[in-house]
Amino acid sequence: MMSWGAPLLLLLGGLCLQPARAGSHSLRYFRSCLSEPLPGVPQFSEVGYVDDVPIVSYTSESRRVGPRAPWMEGITTEDPQYWERNTEINRGNEQMHKANVRTVMGRVNQTRGLHMVQNMFGCELRDDGSMGGFRQDAFDGHDFISFDKDRQTYTAAMDAARITQDRWNSGRIEAQRWKDFLEGECIEYLKKYLKLGEERLQTVAPQTMVTRRKNGARTFLTGYAYGFYPRDIEVKWVRNGVEMPWESMDILPNPDGTYQAQKTVEVQEGDDEKMYRYEVDHSSLPDTVTVMYEEKSPPMGVIIGVVIGALVGVGLVAAVAWVVYSRRNVQGPRPEVGDVHLPLQQGQNI
């Protein structure tokens with residue numbers, strides 16, 4: 001079961017999307033609704049993504065669905081009512097989601113405090129022609145139920161969600177509706193969006209370099225891959241032909257919609273820096289790219305991207321900390337998950 005730590009960041013405006021496989025494309029939607037407004041955070045929001053690119057969004061502040069990618073404005077050429085139709089759908093969903101939060105709060109015996117319902121769903125068109133689809137729901141950042149498209153069943157993540165599981169599985173109507181949507185309309189729109197944004201969504205090969213940093217007697221090498229698209233990439237450090245132990249890798253967005261990745265290694269005492277090589281694999285590259293340290297300064301684009309990514313990260317941490325602090329200090333112990341329904345298009349009461 002997927003953790004909702006990353007989706008929580010995402011739904012607050014974060015950047016932690018799980019990328020589609022190399023050569024594949026995905027269409028995903030993320031919804032979030034709070035029990036009460038927070039400064040600077042919409043009470044209800046929905047963001048749609050093609051691969052890692054935000055294409056549409058709606059918030060309780062804007063009250064309209066609008067384009068997040070410039071090329072999405074061209075959708076009205078073949079669908080003149082696209083923005084109006086989806087705006088009305090989301091206005092209805094906003095009201096239903098707010099009601100859902102109150103309903104769930106009642107079922108877990110909570111009458112006050114900050115609570116959140118979340119829903120994410122989407123489809124994937126793989127490079128071999130096969131299709132994937134998913135839908136997951138959460139309350140207060142915890143998984144409580146997920147949908148298996150192939151088996152057409154809902155699975156509760158905890159005992160408190162079994163009532164929801166049994167009800168949604170009983171008539172098979174909900175399961176069939178979601179399967180049809182994920183394999184039909186979702187894939188159709190993904191293809192439309194890919195065609196509309198084909199120039200923007202094409203693969204872009206990464207540029208690479210290695211920098212050195214001294215900290216007293218210790219030396220660190222940082223490898224960069226930047227300006228690449230899509231987001232999925234593999235980077236590693238190799239010492240004398242042997243891959244070094246795995247360490248965490250940071251992938252950050254650039255202002256132009258591309259990405260950068262970086263990984264740092266400490267040079268072992270007595271080693272020559274030339275023994276270390278930074279290797280990069282990406283779907284845009286015919287072969288693995290190998291980079292060694294050279295005496296030159298990092299490009300301004302990398303520096304700017306790192307600073308922007310760090311500032312965004314600080315803002316997100318602050319937002320999440322505010323949510324956690326409010327939930328722990330206003331309404332007491334964390335409640336158990338209740339029964340909530342966040343439908344794919346037009347909302348409905350639970």
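The exercises below work through a predicted model of one protein chain.

**Exercise 1. Confidence**

Task: State where confidence is lowest and where it is highest, and which stretches stay under 50.

Solution. Start with the whole protein: the mean pLDDT is 78, and 77% of the residues score at least 70. Next, go to single elements. Helix α1 (residues 5–11) has the lowest confidence, with a mean of 39, whereas strand β4 (residues 66–67) has the highest, at 96. Then look for continuous stretches. Residues 303–344 stay under 50 in pLDDT, and the model gives them 100 contacts beyond four places in sequence. Residues 346–350 are also below 50, with 22 contacts beyond near neighbours in sequence. Where pLDDT is low, the predicted coordinates should not be read in detail.

**Exercise 2. The length of helix α2**

Task: Compare the span expected for helix α2 (residues 82–107) with the distance between its end C-alpha atoms.

Solution. The expected span is 1.5 Å times one less than the number of residues. For the 26 residues of α2 this gives 38 Å. The end C-alpha atoms are 37 Å apart, which agrees with that value. Past the helix comes Asn-109, with a positive phi near 60°.

**Exercise 3. Helices α4 and α5**

Task: Classify the arrangement of helix α4 (residues 173–183) and helix α5 (residues 185–196), and describe their contact.

Solution. The axes come within 3 Å and cross at roughly 20°. Angles under 35 degrees count as roughly parallel. The two helices α4 and α5 are therefore roughly parallel to each other. On the α4 side the contact is made by Asp-180, Phe-181, Leu-182 and Glu-183; on the α5 side, by Glu-185, Cys-186 and Ile-187. By class, these residues are 4 nonpolar and 3 charged, with no polar ones.

**Exercise 4. The sheet of 8 strands**

Task: Give the strand order of the open sheet of 8 strands, find its edges, and follow its pairings.

Solution. The order is β4-β3-β2-β1-β5-β6-β7-β8, and the pairing is antiparallel. The edges are β4 and β8 (153–156); each has a single partner strand, so one side of each lacks a neighbour in the sheet. Helix α3 (residues 162–170) packs on this sheet and touches β6 (131–139), β7 (142–148) and β8, with its direction at about 175° to that of β8.

Now take the pairs in turn.

- Strand β3 (residues 53–59) is joined to β4 by 2 bridges; Val-56 has Pro-67 in β4 as its bridge partner.
- Strand β5 (residues 116–125) is joined to β6 by 9 bridges, and Asn-119 is partnered by Asp-137 in β6.
- β6 is joined to β7 by 5 bridges, and Ala-138 is partnered by Asp-143 in β7.

Finally, examine the turns. The hairpin of β5 and β6 has 5 residues between the strands, and Gly-129 there takes a positive phi near 90°. The hairpin of β6 and β7 has 2 residues between the strands, and Asp-140 in its turn has a positive phi of about 55°.

**Exercise 5. The sheet of 4 strands**

Task: Describe the order, edges and twist of the open sheet of 4 strands.

Solution. The strands follow the order β9-β10-β14-β13 with antiparallel pairing. β9 (207–215) and β13 (250–253) are the edge strands, each pairing on one side only. From one strand to the next the twist averages 25°. Within the sheet, strand β10 (residues 218–228) pairs with strand β14 (residues 259–266) over 8 bridges in the antiparallel sense. Tyr-226 is opposite Gln-260 in β14.

Note on methods:
Residues numbered from 1 in each chain as written. Predicted model: local features only at pLDDT ≥ 70, side-chain atom pairs only at ≥ 80, totals over all residues. Heavy atoms only, no water. pLDDT = per-residue confidence, 0-100. Contact = heavy atoms within 4.5 Å. Axes fitted to C-alpha atoms, helices over the stretch in contact; angles between N-to-C directions. Parallel < 35°, antiparallel > 145°, perpendicular 65-115°, else oblique. Nonpolar A, V, L, I, M, F, W, Y, C, P; charged D, E, K, R; others polar. Pairing = 2+ DSSP bridges.
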